[in-house]
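Trainee: I am new to this structure. Please take me through one part of it closely, and then show me how other parts are held against each other.

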Amino acid sequence: MERRQLEYFVAVVDHGGFGRASEAVHVTQPSLSQAIAALEKDLGVTLFHRLGRKVKLTAAGEALLAPARQVLRDHAVARAAVAKVRGGYDGTLDIASTPTVAAHPLTALLGRFSQLYPGIRVRITDCDVPGGAAAIVGGGQCEIGVVRLPSATAGLQAIALGQQVFYLVLPPDSPDPGPGPVELSLLGELPLVVTPPGTASRKRLDDALAIANVAEPRIAVETIYRATIPKLVAAGVGASLLPRHMAQEAAGLGARVVGTTPTVAHDIGIVRREGPLSPAARAFVDLAVEMAPFGAEGEEP
């Protein structure tokens with residue numbers, strides 16, 4: 001079993017077929033197909049069900065995927081360690097995050113990180129998916145995750161970076177709620193702008209509604225486009241529960257922002273697999289710890 005075969009195997013999985021995978025790894029499709037066939041022969045199993053131009057992993061393929069990703073990750077760590085000895089940082093750092101945490105504090109971290117390590121390419125993967133960071137980081141697709149904590153999973157370590165506080169954001173023409181904080185139960189009296197079920201943002205809102213004993217919220221708009229939520233609130237569509245950076249944006253558009261009692265907040269931090277990190281990932285983690293804490297302010301935006 002060769003590393004290149006594993007690289008091709010993972011590429012077929014990630015790109016959903018042999019054609020796109022061959023383009024991604026810059027080889028001809030026949031060469032890639034031959035490499036996968038040789039890997040299947042070596043292992044004595046079929047790795048893919050061929051469904052026309054599409055492919056689906058067999059049970060054996062499913063079993064190979066996580067170990068294959070980890071082999072490729074370990075190889076990248078080894079190459080990066082050698083590059084550091086040569087006198088510089090290079091390579092690619094893969095980070096998993098959710099849209100809300102990626103907006104803050106990940107953007108602030110990457111702004112400073114790119115200044116210090118301009119030779120490192122960063123790729124951000126959305127882990128607001130089934131399995132979350134545990135699947136993406138634990139499976140080797142990304143080396144670290146910057147996410148909501150806890151992500152308690154065997155084989156993963158967590159490093160706290162601070163707390164993300166959420167605020168009730170109201171349309172401009174709403175009655176003045178006063179200096180706040182307001183009772184969280186007010187959520188049950190308002191039309192709400194929310195993300196779809198299954199997203200991290202929706203789960204956080206559902207948790208807040210449960211604390212407030214609100215069984216049937218009034219949903220005005222449900223959107224996957226989180227960036228539109230401050231604008232929808234400012235346009236008078238409904239209220240929302242937003243993190244500080246998005247609440248500040250809404251306030252700049254005229255929305256009313258107020259804290260809640262009890263406070264809605266969660267811890268954020270880095271999750272990583274046990275074992276050595278690449279020099280790039282180690283540098284990122286050290287910088288994040290140095291710049292922490294994030295989002296711990298208690299005052300309204």
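Mentor: Start at Ser 174. Its side chain reaches the backbone oxygen of Pro 171 at 3.0 Å. This is a predicted model. Ser 174 sits in a loop, with strand E6 (156–170) on one side and strand E7 (182–183) on the other. Is Ser 174 buried or exposed? The relative accessible area of Ser 174 is 15%. Buried means under 20%, so Ser 174 counts as buried.

Now turn to the aromatic rings. Rings pair if their centres lie within 6.5 Å. The count comes to four aromatic pairs. Take Phe 18 and Phe 48. Their ring centres are 5.9 Å apart, and their planes stand at 70°. Planes over 60 degrees apart count as edge-to-face, so the pair of Phe 18 and Phe 48 is edge-to-face. Where do the two rings sit in the chain? Phe 18 belongs to helix H2 (residues 18–25), and Phe 48 to strand E1 (residues 48–51). The pair therefore ties together parts that are 30 residues apart in sequence. Both Phe 18 and Phe 48 are buried. Phe 9 joins them: Phe 9, Phe 18 and Phe 48 make up one aromatic cluster.

Another pair is Phe 113 with Phe 284. Here the centres are 5.5 Å apart and the planes are at 75°, so this pair is edge-to-face. It links distant parts of the chain. Phe 113 is in helix H5 (residues 99–116), Phe 284 is in helix H10 (residues 279–291), and the two are 171 residues apart. How buried are they? Phe 113 has a relative accessible area of 1%, and Phe 284 has 0%. Each value is under the 20% limit, so Phe 113 is buried and Phe 284 is buried.

Go back to Phe 9, a member of the cluster. Phe 9 is also one of the H1 residues that meet H3. The axes of helix H1 (residues 3–15) and helix H3 (residues 29–43) come within 9 Å. They cross at roughly 110°. Angles of 65 to 115 degrees count as roughly perpendicular, so that is how H1 and H3 lie to each other. Which residues meet? From H1 come Gln 5, Leu 6, Tyr 8, Phe 9 and Val 12. From H3 come Leu 32, Ala 35, Ile 36, Ala 38 and Leu 39. The residues of this contact divide into nine nonpolar, one polar and no charged.

Key:
Residues are numbered from 1 along each chain as its sequence is written. This is a predicted model: local features need pLDDT of at least 70, side-chain atom pairs count only at pLDDT 80 or more; totals for chains, interfaces and linings use all residues. Side-chain values use heavy atoms; hydrogens and water are left out. Rings of Phe, Tyr and Trp (its six-membered ring) pair if their centres lie within 6.5 Å; planes under 30 degrees apart count as stacked, over 60 as edge-to-face and the rest as tilted. Helices (H or I, at least four residues) and strands (E, at least two) are DSSP runs, numbered from the N terminus. Buried means under 20% relative accessible area, exposed over 50%, partly exposed in between (1.4 Å probe, protein chains only). A polar contact is a pair of N or O atoms within 3.5 Å; within protein, one must be able to donate a hydrogen and the other to accept it, and residues adjacent in sequence count only if both atoms are side-chain atoms. Axes are lines fitted to C-alpha atoms, for helices over the stretch in contact, and angles run from 0 to 180 degrees between N-to-C directions. Angles under 35 degrees count as roughly parallel, over 145 as roughly antiparallel, 65 to 115 as roughly perpendicular and the rest as oblique. Contact means heavy atoms within 4.5 Å. Ala, Val, Leu, Ile, Met, Phe, Trp, Tyr, Cys and Pro count as nonpolar, Asp, Glu, Lys and Arg as charged, and the others, Gly among them, as polar.
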